[in-house]
Amino acid sequence: MFYAIPLDSRPTWRNPPWMTVLLILINMAVFWGPQRTEEAAQERAAAYYLQSPLPALEIPPFIAWLDDTGHKDAAKAHKLQKAGARQYLLRWMESETVFQKRLHAGLVVPQSAPQHAQWQEARAHYEALQPPPFTERWAQDYNADAPWRPITWLTATFLHGSTGHLLGNMVFLFLFGFSVELALGRGPYLAYYLLGGIGASLLAGWAYAGMGGYGLGASGAVSALMGMYAVLYRLRRVRFFYQLFFYFNYVTAPALLLLPAWMLNELLQHWLGGRGVAYMAHLGGLIAGAGLMALTMAVRRKPLEVPITPVRTDHQEDLDFQAHVARARQLAQGLKFEQALAQWRAAAQLRPQDRPTLEAWFSTAQLWPEGEDFHRAARRIFQLQAHDADTLAFQHTAFRTYLDKARPGARLQPDVMAHLARRFARAQQWGDAERLFKALHQTAPTHPLLGETLGLLVAAQWHAGQHERAAAWLPQLRTLAPDSPVLRTPGLAR
């Protein structure tokens, strides 16, 4: 898993990225409009199906058909049948177009069967409850006998499979779209977005042809924007956030370096990750977007204006910060610690990542462990972004002090627990890392980072030679994150 998100540019509302906002609104309207209406009708039809005679008449022949055709997931179907997962089997059965043709041709429950009339009546009622097809009609069809419908190369980019799928794509559409829109202008930007989506669909259609299923989602078009962004900024050094499996950090590097990194990631995910995500659509979008932007910059006489948020050097802010620090030290020398505390607080608001300031604020606030300043200073220390050993050691020392002195007790939010558990795992502070994970598991058992946090802890312990300690967490890791790549570490999983 690899993500890279630029941080240097921000949208300007003097010239708002209205086309990016419009594209986001269209995607949301399609999903929460006709797609959700269709989904609700399908759920009503499925509810009827499951209480009708149809499962007993159709699902066993479907599983037998999987066996007879040598389907690679036939064994899985038997397990689902034993588990009573009839709704999942229904969705699977409806996605197998060859079996559906046999079913509607009367070959599964033939006229000679005693239950044919009962099946025919129930099947007719079930199909009457089905809504007119919308998602399948406008999605890209990867089945071997799919009709030639070029319009779906474009329409599929406005469909989504779930709320998470939609929101994830819209976040990246905004992050990259506004920069490209401000550089190209609204008209060319819209044209390139649509062309990028078509390019993504073309490569996906070639890569997945005949493999069954449907392609949908804006991620191919968004990948085209990412390709445009990398070529637009070229060798300009851009600060961006990245995540590689369990490791994440900030780095400044030439924007163009992101393009091969993204492409390589999509290829690796395609080869290793299976069909759950259309990685070839992402790759097609990157290629199409990079090509369109490179061509534009080659033929355009006037260079494109790259939107860059200017770096502010606020001299007055520097003076204010220095004044607060000087005043705080002067007050502390005069033993006026409560007044010094207010000055350190003001300095920390101006420089929230300045470690010496936070350390002085925290140390002074210890005199009033029940006060709000002590809790606020601790939270600021826990949010420090630097990953060097000194910062990690400082955070760990502050954590131990905070737990010991805070009154009436420590106030640690689940996100802070997860963040600190990861940091302490990297610093090989196993006891406190495990303690934080247990507290997170107890207070927020459904936290989205719970499994990932435990995976990072286990990986850190294993690579540090703490094999028995890491192995002790394996049963819980398999429960919380059964697909964690840590479980595939050679020698770890037993």
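**View 1. At 49% relative accessibility, Gln428 counts as partly exposed.** Here, buried means under 20% relative accessible area, exposed means over 50%, and partly exposed falls in between (1.4 Å probe, protein chains only). You're looking at a predicted model, where local features need pLDDT of at least 70 and side-chain atom pairs need 80 or more, while totals for chains, interfaces and linings use all residues. Residues are counted from 1 along each chain as its sequence is written, and side-chain values use heavy atoms, with hydrogens and water left out. Gln428 sits in the loop between H19 and helix H20 (430-443); helices are DSSP runs (H or I, at least four residues) numbered from the N terminus. What is the sign of phi at Gln428? It's positive, about 60°, although Gln428 is not a glycine. For background, most residues other than glycine have a negative phi.

**View 2. Leu335 also has a positive phi without being a glycine.** Its phi is near 65°. To find Leu335, go to the loop between helix H14 (315-333) and helix H15 (337-350). Is Leu335 buried or exposed? With 62% relative accessibility, Leu335 counts as exposed.

**View 3. Arg407 and Pro408 are joined by a cis peptide bond.** Omega is about 0° here. Most peptide bonds are trans, by the way. Pro408 belongs to the loop between H18 and helix H19 (414-426).

**View 4. Helix H3 (residues 74-83) has a buried side and an exposed side.** Which residues of H3 are buried? They're Ala74, Ala77 and Leu80. These three lie on the same side of H3 because they cover an arc of only 110° around the axis (the arc is that of the directions from the helix axis to the C-beta atoms). Swing round to the other side of H3 and you meet Ala75, Lys79, Lys82 and Ala83, which are exposed. The cover over the buried residues of H3 includes helix H2 (54-68) and helix H4 (86-95), where contact means heavy atoms within 4.5 Å. Just after H3 comes Gly84, with a positive phi near 75°.

**View 5. Trp148 and Trp153 are one of the 17 aromatic pairs in the structure.** Rings of Phe, Tyr and Trp (its six-membered ring) pair if their centres lie within 6.5 Å; planes under 30 degrees apart are stacked, over 60 edge-to-face, and the rest tilted. How far apart are the ring centres of Trp148 and Trp153? They're 5.4 Å apart, with 90° between the planes, so this pair is edge-to-face. Trp148 is exposed, at 71% relative accessibility, while Trp153 is partly exposed, with a relative accessible area of 22%.

**View 6. Phe382 and Tyr402 form another edge-to-face aromatic pair.** The centres are 5.9 Å apart and the planes make an angle of 70°. This pair links distant parts of the chain, 20 residues apart: Phe382 is in helix H17 (residues 372-382), and Tyr402 is in helix H18 (residues 389-405). Both rings belong to buried residues, with Phe382 at 2% relative accessibility and Tyr402 at 0%.

**View 7. Phe382 and Tyr402 are also part of a cluster of rings.** Who else is in the group? Ring pairs tie them together with Phe362, Phe374, Phe399 and Phe424.

Technical notes. Helices (H or I, at least four residues) and strands (E, at least two) are DSSP runs, numbered from the N terminus.
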